[in-house]
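Here is a short report for a first look at this protein chain. Keep the sequence and the 3D view open while reading.

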Amino acid sequence: MRKAFFLRAVAILLPLLMAIPTQAAHKHFKVSVYVRAYEVQKMKDPAWLESTWKIISDQLDVDKIYLETHRDLLIVDDETLEQAKAFFRKRGIEVAGGITYTINEANDFETFSYSDPKDREMVRRIAEHTAKHFDEFILDDFFFTSSKKDVEIEAKGDRSWTEYRLELLKEAGKTLVVDPAKAVNPKVKVIIKYPNWYDHFQGLGFSLEDGPKIFDGVWTGTETRDPSSAQHLQNYLGYNIMRYFEHLSGGRNGGGWVDAGGIFMSMDRYAEQLHLTAIAQARDVMLFAYNQLLEVRLNPMFRAPWQGTGTSWNYDEMTAPYQKGKETVTPTTMARIADVVLRQADELVGKLGTPVGIWAYKPYHSVGDDFLQNYLGMVGLPMDMYPEFPEDRKVVLLTRQAAADPDIVGKMKRQLRKGGDVVITSGLLEAIPDKIADICELRCTGLKALVNDFGRYGRTERDILIPQIQYLTNDSWEVISAGRPLSGGVSGYPFLHRAKYSNGNLYVVAIPDDFGNLYDLPAPVLNELRRIAGADFGLRLEGPAKVSLFLYDNQTAIVENFNDTPVEINLIGTGLKAFTDLENGETLEASVPQAPAGFGGFGGFGPRRAPDPRVTVTLPPHSYRAFRYDTN
C-alpha cells in the first residue's frame with residue numbers, strides 16, 4: 001500500500017519537478033535563443049527537436065527560448081507549440097512566444113496592410129493564438145508597414161506617409177495586438193522589438209514616442225553586421241542604441257538582439273556585437289536564431305589575420321575541444337563562439353556601473369545627420385542619446401535632428417546662460433541659420449572646402465570635403481582650421497568653431513560630407529573634440545579614430561579598438577592616480593608628462609594648458625581593456 005502511494009506521488013511530482021527552471025546559466029543577463037516559425041514547426045518531430053537541441057546546448061548555455069508562432073503566413077499549430085514548450089521547460093529553460101508579422105519576408109520584407117480589413121483580422125487572430133500559449137511574447141522587427149496598396153493610398157489622404165503610418169500603427173498595436181492578446185490571456189506581456197535603423201522608424205510607422213507606452217516592454221536590435229553593407233551601421237550602434245532605448249522606454253528595455261550577420265567578416269565582428277550589447281547593460285542577450293546556431297558552421301575564414309596576437313577573443317581556443325561535464329565536446333557551429341564571448345562578458349558586466357556619456361539630444365521622429373552619433377562614438381566620444389534636452393549637463397551635443405524641436409534655440413540659450421556649453425554640427429547650423437543667428441551670426445552657404453591640412457593639429461592621408469562655415473571676424477573664432485594646404489599661408493576654413501554667449505560657449509563642428517571621413521581625422525583634432533565635448537566626465541582618451549570609450553558611473557571604463565591594427569592610446573583625466581584592469585588585475589600608475597614649450601591655448605595664443613595625468617595603453621586589433629580608475 002505504501003509502495004503504491006509512493007509510486008503515485010512520484011508520478012505526480014516528477015513532471016512538476018522536472019519543469020522547475022534550474023539556476024540561471026548566467027549571472028548578470030540572460031542568454032536567449034529565438035526560434036523562427038519554420039523551425040518551431042519542425043519541432044513536431046521529437047527526434048529532430050532532440051538532435052538539434054543537443055547540438056546547440058552542448059556548445060551554448062541557454063537561459064530562455066522564444067518560440068515563434070507566425071512568419072510569412074505560416075502559423076504553427078497548437079499541438080506543436082505545446083509539445084515544444086514542454087520539451088524546453090523539462091530542461092529548465094524559460095519559454096516565451098514570438099510573432100513576425102510578415103506576409104513574405106523574401107519579397108522585400110512584405111508586411112501586412114493595416115488598413116485592409118482581411119489583413120487586420122489575421123493580425124488579430126495571430127495575436128490571440130500566441131497569447132493562448134504564452135504569458136509573454138515578442139514582436140520581431142517587422143511590426144511596421146511598407147505597404148502602398150490602393151487601400152493605403154486612399155486611407156492616407158493628404159497626410160504624409162510618416163503621419164499616416166505613425167497613427168495607423170499606433171492604433172493597430174493597441175487594438176489588433178495588445179488588447180486582443182490580453183483579452184485571451186490577461187497575464188500576457190506583449191513586447192515589441194525595435195530594429196537597428198532607428199533614425200528612419202517614423203517613416204514606416206514605428207513610434208518611439210508612443211510604442212513604449214502601448215507595449216509592456218521594448219527590445220533592441222543591436223545587429224550592425226558589416227558596416228559597409230546596405231544599412232551602413234557602424235559598430236558603435238550596438239551599444240548606443242541600447243542606451244537610447246533604455247532612456248526612451250523609461251528603463252523597460254529588455255535586451256539586445258544579435259544575428260550571424262558580420263561573422264563572415266571575422267569571428268571578431270560577431271563577438272563585438274555580442275560584447276557591445278552586454279556592456280550596454282542588456283538584461284537579456286537574444287541570439288537570432290535557432291537555425292543559424294545550427295547551420296553557421298565554424299570555418300577557418302572566421303579566423304582573422306590578427307588572431308594569435310593577444311586579442312580579446314581567441315578563435316583557436318574557442319574552436320578547440322573542451323570538457324562539458326563528463327563529455328568532450330568538439331565545437332561545430334557559431335553557438336560555441338557566442339557562448340565563450342557571453343561568458344567573458346558576464347564576468348565583466350558585474351564589475352561595471354551604469355553607463356554614462358555625452359548627452360546627445362534627439363527629439364522624437366527627428367531626421368538629419370542620420371546615425372551620426374555612432375560615427376562620433378567610433379572616434380572616442382562616449383555617446384548617450386536622449387529624447388529630452390538636459391537640465392544639468394556641462395555640455396550638450398546637437399545634430400541636425402535637434403531642428404525638429406521648435407524651441408531648440410531657447411533651450412540652447414538657457415544652457416549657455418547657466419555656464420554650460422553647446423556643441424552643434426554644421427548640419428544643424430545649415431537647418432536653422434536664422435534661429436541660431438540670435439546666438440551668433442554664422443552661415444553654411446552650401447559651399448564646400450576640400451581639406452587635408454589642419455595646421456598644428458596634423459594632416460590627413462586623404463582629402464576631406466567639409467562645409468564652409470562663414471562668420472563675422474572677432475564675433476566668433478576658429479579653434480581648429482583646415483585647408484589644402486593650410487600651412488604656408490594658403491586659405492583655410494573653420495573645422496571647429498567657437499562663439500561666446502553669456503556664460504557659455506557655442507561650438508560648431510564642420511562634419512564631413514562623408515561621415516566615414518571622421519575616421520581619417522588626425523588624432524590631435526579628435527583629441528580636441530574629445531576634450532571639449534567630454535567636459536562632464538573625469539576621463540577621456542587620446543589617440544586615433546575607431547577607438548571607443550565607454551564610461552560608467554562607478555569610475556570604471558572600457559576602451560575598445562575596432563581597427564585591424566594595434567593602437568596606442570592615452571587615458572587622461574584631472575587627478576588620476578592609477579588604473580586597475582578589471583579582468584587581469586594589472587595596475588597602471590598615472591603620470592604627468594612635461595608641459596610642451598611654446599604657446600597654445602585658444603587660437604594659438606596664451607600659455608598651453610598644463611597636461612593632465614595619464615596612462616598609455618596598447619590595444620591589439622579588435623580588442624578591449626576594462627579598468628577601474630582612482631583619483632585624488
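## Reading the elements

Helices and strands here are DSSP runs, numbered from the N terminus; a helix has at least four residues and a strand at least two. With that in hand, Pro485 can be placed: this residue sits in the loop between strand 21 (477–483) and strand 22 (492–501). The model is a predicted one.

## The chain as a whole

The chain holds 18 helices and 31 strands. Its radius of gyration is 27 Å, close to the 26 Å that the globule rule gives for 632 residues, so the chain is as compact as a globular protein of that length. The C-alpha trace spans about 100 × 65 × 40 Å along its principal axes.

How much of the chain is buried? Of the 632 residues, 58% count as buried. The accessible surface comes to about 25500 Å². Carbon and sulfur atoms own 52% of that surface. Contacts reach across the sequence too. Among contacts with a separation of 6 or more, 76% are between residues 24 or more positions apart.

## The largest cavity

Rolling a probe the size of a water molecule over the atoms shows where empty space is left. In this model, a search of the whole structure finds six cavities of 30 Å³ or more. The largest cavity has a volume of about 120 Å³. It is lined by 14 residues, and the closest to its centre are Leu381, Leu397, Val423, Val509 and Leu529.

Which elements build the lining of the largest cavity? Strand 18 (421–425), strand 23 (504–509) and helix 18 (523–533) each supply at least two residues. Helix 18 gives the most, with three residues. By class, the lining has 13 nonpolar residues, one polar residue and no charged residues.

## The second largest cavity

The second largest cavity has a volume of about 90 Å³. Its lining includes Phe143, Leu166, Leu169, Lys170, Ile192 and Tyr194. Gly205, Phe206, Ser207, Gly211, Ile214 and Phe215 also belong to the lining. Helix 7 (161–184), strand 8 (189–194) and helix 8 (211–214) are the elements that give two or more residues to this lining.

Helix 7 has the largest share, three residues. The classes divide into eight nonpolar, three polar and one charged.

## An open pocket

Pockets differ from cavities in one respect: a pocket is an open set of points, while from a cavity the probe cannot get out. The second largest pocket has a volume of about 570 Å³. Of the 23 residues in its lining, the closest to the centre are Arg462, Tyr519, Asp520, Ala545 and Lys546.

Strand 20 (residues 459–471) provides the largest share of this pocket's lining, four residues. What classes make up the lining of the second largest pocket? It has ten nonpolar, five polar and eight charged residues.

## A buried threonine

Thr130 belongs to helix 5 (residues 117–133). Is Thr130 buried or exposed? Its relative accessible area is 0%, so Thr130 is buried. Leaving aside neighbours within four places in sequence, Thr130 is in contact with Thr69, Gly98, Ile99 and Phe137.

## Backbone exceptions

Most residues other than glycine have a negative phi, and most peptide bonds are trans. Some places in this chain depart from that pattern. A cis peptide bond joins Phe288 and Ala289, with omega about 5°. Ala289 lies in the loop between strand 11 (284–288) and helix 11 (290–295). Another cis peptide bond joins Arg484 and Pro485, with omega about -5°. Pro485 is the loop residue placed at the start, between strand 21 and strand 22.

Positive phi values also appear. Asp108 has a phi near 55°. Its place is the loop between strand 5 (102–104) and strand 6 (110–111). With a relative accessible area of 66%, over the 50% cut-off, Asp108 is exposed. His232 has a positive phi as well, near 55°. This histidine lies in the loop between strand 9 (217–221) and helix 9 (237–248). At 42% relative accessibility, His232 counts as partly exposed.

Note on methods
Residues are numbered from 1 along each chain as its sequence is written. This is a predicted model: local features need pLDDT of at least 70, side-chain atom pairs count only at pLDDT 80 or more; totals for chains, interfaces and linings use all residues. Side-chain values use heavy atoms; hydrogens and water are left out. On a 1 Å grid over the protein atoms alone, a cavity is a set of points where a 1.4 Å probe fits but cannot get out, and a pocket is an open set with protein on both sides within 12 Å along at least five of seven lines; lining residues have an atom within 4 Å of a point. Grid points are joined across faces, edges and corners, and a volume is the space filled by probe spheres set on the points. Ala, Val, Leu, Ile, Met, Phe, Trp, Tyr, Cys and Pro count as nonpolar, Asp, Glu, Lys and Arg as charged, and the others, Gly among them, as polar. The radius of gyration is taken over C-alpha atoms; the globule rule is 2.2 Å times the number of residues to the power 0.38. Buried means under 20% relative accessible area, exposed over 50%, partly exposed in between (1.4 Å probe, protein chains only). Contact means heavy atoms within 4.5 Å. Accessible areas come from the Shrake-Rupley method with a 1.4 Å probe; for residues, only the protein chains shown count as cover.
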